[in-house]
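Please work through the exercises below with the sequence and the coordinates at hand. Each task is followed by a worked solution.

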Amino acid sequence: MRIASSLMVLCLTLFAMSARASVIYDNGPVNGNDNAWIINSGYTVSDSMALTQGSRLTGFNFDVWVFHDTPLTVDWSITALENGGTVYGSGTASLTTTFLFTNQDGYDVDQETVGGLNLQLSAGFYWINLQNATTSQDSPVFWDQNGGIGCQSPGCPSQAYLSYYGSIPSESFQIIGSSGTGAIPEPGSILLLGSVTFGLLGIFRRRLP
């Protein structure tokens, strides 16, 4: 019975570790009515972020304008310089879209969520770059400009650049992850461990008189 109890404690501990993912850099909330910058049609928008301690990046949120269309994917990278230098992580991410509102220009303003990442970063200064966004109807996608108003993290507001253009005001985004170097367990691993634990509990119960 002690073995099953120990496994139960381990399962609950891993579950608690997985739940600690939170916002580790926040450049402020959506604006949606001021301006926005294109992240497809060959353009890249780069925003800086500062991490005060080592962190494991598991995802990010950002806000876009799109004209009655549904964003599908975006190419992302984390680099040492704006859209260049050492590449710490990159990929093409599927987007989960949450509609926020329609702005005064008739654009849908959406929050896009990227998850499932697993990127360990040391404390330091980085750039997140977004480009090649796709939609169901091949529409332009614009990253919402908030100028860092309402930013909640050291080092913000972010610096920002648009390729072929230069310096621009920064955009609305949040980096999601956990502080420290420990890996965050995959949900499937937690479920598997939980199943084993409860299975062992059942076996021990059946053996009791």
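The exercises that follow concern a predicted model and treat aromatic pairs, a buried polar residue, strand pairing and nonpolar cores.

**Exercise 1. Aromatic geometry**

Task: Classify the ring pair F125 and W127, and state the burial class of each residue.

Solution. The structure holds 13 aromatic pairs. Step one is the geometry: the ring centres of F125 and W127 lie 5.9 Å apart, and their planes meet at 85°. Planes over 60 degrees apart count as edge-to-face, so this pair, at 85°, is edge-to-face. Step two is burial: F125 has 40% relative accessibility and therefore counts as partly exposed. W127, with 4% relative accessibility, counts as buried.

Task: Classify the pair W143 and F173 in the same manner, and locate both residues in the chain.

Solution. The centres of the rings of W143 and F173 are 5.9 Å apart and the planes are at 65°, so this pair is edge-to-face. W143 belongs to strand 11 (residues 142-145) and F173 to strand 14 (residues 173-179). The two are 30 residues apart, and the pair thus links distant parts of the chain. Both W143 and F173 are buried. Finally, W143 and F173 are part of one aromatic cluster, together with Y25, F60, F62 and W76.

**Exercise 2. A polar residue in strand 10**

Task: Determine whether N129 is buried or exposed, and identify the side chain with which its own side chain makes a polar contact.

Solution. N129 is found in strand 10 (residues 124-135). Its relative accessibility is 1%, so N129 counts as buried. The side chain of N129 makes a polar contact of 2.6 Å with the side chain of S46. Leaving aside residues up to four places away in sequence, N129 touches several others, among them T44, V45, D75, W76 and L81.

**Exercise 3. Partners of strands 11 and 14**

Task: Which strands pair with strand 11, and in which sense?

Solution. Strand 2 (residues 35-38) pairs with strand 11 in the antiparallel sense over 4 bridges. Strand 4 (residues 55-66) also pairs with strand 11 in the antiparallel sense, over 2 bridges. The register can be read at F142: in strand 11, F142 stands opposite I38 and is the bridge partner of W65.

Task: Repeat the analysis for strand 14, and explain why it is described as largely enclosed.

Solution. Strand 1 (residues 22-26) pairs with strand 14 in the antiparallel sense over 4 bridges. Strand 4 and strand 14 are antiparallel as well, over 7 bridges. I176 of strand 14 serves as the bridge partner of V23 and of G59. As to enclosure, 6 of the 7 residues of strand 14 are buried, so the strand is largely enclosed by the rest of the structure.

**Exercise 4. Nonpolar cores**

Task: How many residues has the largest nonpolar core, and which of them have the most contacts inside it?

Solution. The largest nonpolar core has 32 residues. Those with the most contacts inside this core are I39, M49, F60, F62, I78, L130 and I175. Several strands each supply at least two of its residues, including strand 1, strand 4, strand 10 and strand 14. Taking I175 as an example, and not counting residues up to four places away in sequence, I175 touches residues including V23, Y25, M49, L57, F60 and I128. Another core, of 5 residues, lies apart from the largest one and has A36, W65, V109 and F142 among its members.

Definitions and conventions: Residues are numbered from 1 along each chain as its sequence is written. This is a predicted model: local features need pLDDT of at least 70, side-chain atom pairs count only at pLDDT 80 or more; totals for chains, interfaces and linings use all residues. Side-chain values use heavy atoms; hydrogens and water are left out. Rings of Phe, Tyr and Trp (its six-membered ring) pair if their centres lie within 6.5 Å; planes under 30 degrees apart count as stacked, over 60 as edge-to-face and the rest as tilted. Buried means under 20% relative accessible area, exposed over 50%, partly exposed in between (1.4 Å probe, protein chains only). A polar contact is a pair of N or O atoms within 3.5 Å; within protein, one must be able to donate a hydrogen and the other to accept it, and residues adjacent in sequence count only if both atoms are side-chain atoms. Contact means heavy atoms within 4.5 Å. Two strands pair if DSSP finds at least two bridges between them. A nonpolar core is a set of buried Ala, Val, Leu, Ile, Met, Phe, Trp, Tyr and Cys residues joined through side-chain atoms within 4.5 Å.
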